[in-house]
Amino acid sequence: MSLRINELCVNCDVCEPACPNQAIAQGETIYMIDPARCTECVGHYDEPQCVVVCPVECIDNDPAHPESHEQLLAKLQRLQQE
């Protein structure tokens, strides 16, 4: 499942550089996660790095983009081929 940043985001700028897939970018008011690029760090780390570094706990699972571990690995392989 892709992750999403909720309205508690304080724009602290620590999540964007922590993402190994460049899935995080500044949105209009808060940071946003691109579900096409988010693999929850599967294939890179044991935990999503944006969640690890977030000081306000504003990153949740995105129920609009449910994905299995296998689907996240397949997405990572596709991203690495681009």
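Helices (H or I, at least four residues) and strands (E, at least two) are DSSP runs, numbered from the N terminus. The chain has three helices and four strands. Their order from the N terminus is β-α-β-β-α-β-α.

This is a predicted model: local features need pLDDT of at least 70, side-chain atom pairs count only at pLDDT 80 or more, and totals for chains, interfaces and linings use all residues. Residues are numbered from 1 along each chain as its sequence is written, and side-chain values use heavy atoms, with hydrogens and water left out.

**Overall shape**

The radius of gyration is taken over C-alpha atoms, and the globule rule is 2.2 Å times the number of residues to the power 0.38. A compact globule of 82 residues would come out near 12 Å; the chain has 12 Å, which agrees. The C-alpha trace spans about 30 × 25 × 25 Å along its principal axes. Contact means heavy atoms within 4.5 Å. Of the contacts with a separation of 6 or more, 68% join residues 24 or more positions apart.

**The core**

Buried means under 20% relative accessible area, exposed over 50%, and partly exposed in between (1.4 Å probe, protein chains only). By that rule, 38% of the 82 residues are buried. A nonpolar core is a set of buried Ala, Val, Leu, Ile, Met, Phe, Trp, Tyr and Cys residues joined through side-chain atoms within 4.5 Å. The largest one holds 15 residues, and I5, I24, I33, C50 and I59 touch the most other members. The elements giving two or more residues to this core are β1 (3-5) and β3 (31-33). Neighbours within four places in sequence aside, I59 is in contact with L3, R4, I5, N6, I33, C50, V51 and C54.

**Three loop residues**

| Residue | Loop | Relative accessible area |
|---|---|---|
| N11 | between β1 and α1 (15-18) | 28%, partly exposed |
| E57 | between α2 (49-53) and β4 | 67%, exposed |
| E67 | between β4 (59-61) and α3 (69-81) | 24%, partly exposed |

N11 is not a glycine, yet its phi is positive, near 55°. E57 is also a non-glycine residue with a positive phi, about 55°. Leaving aside neighbours within four places in sequence, E67 is in contact with M1, S2, C38, L72 and K75. The C-alpha atoms of E67 and G27 are separated by 24 Å, and the two residues are 40 apart along the chain.
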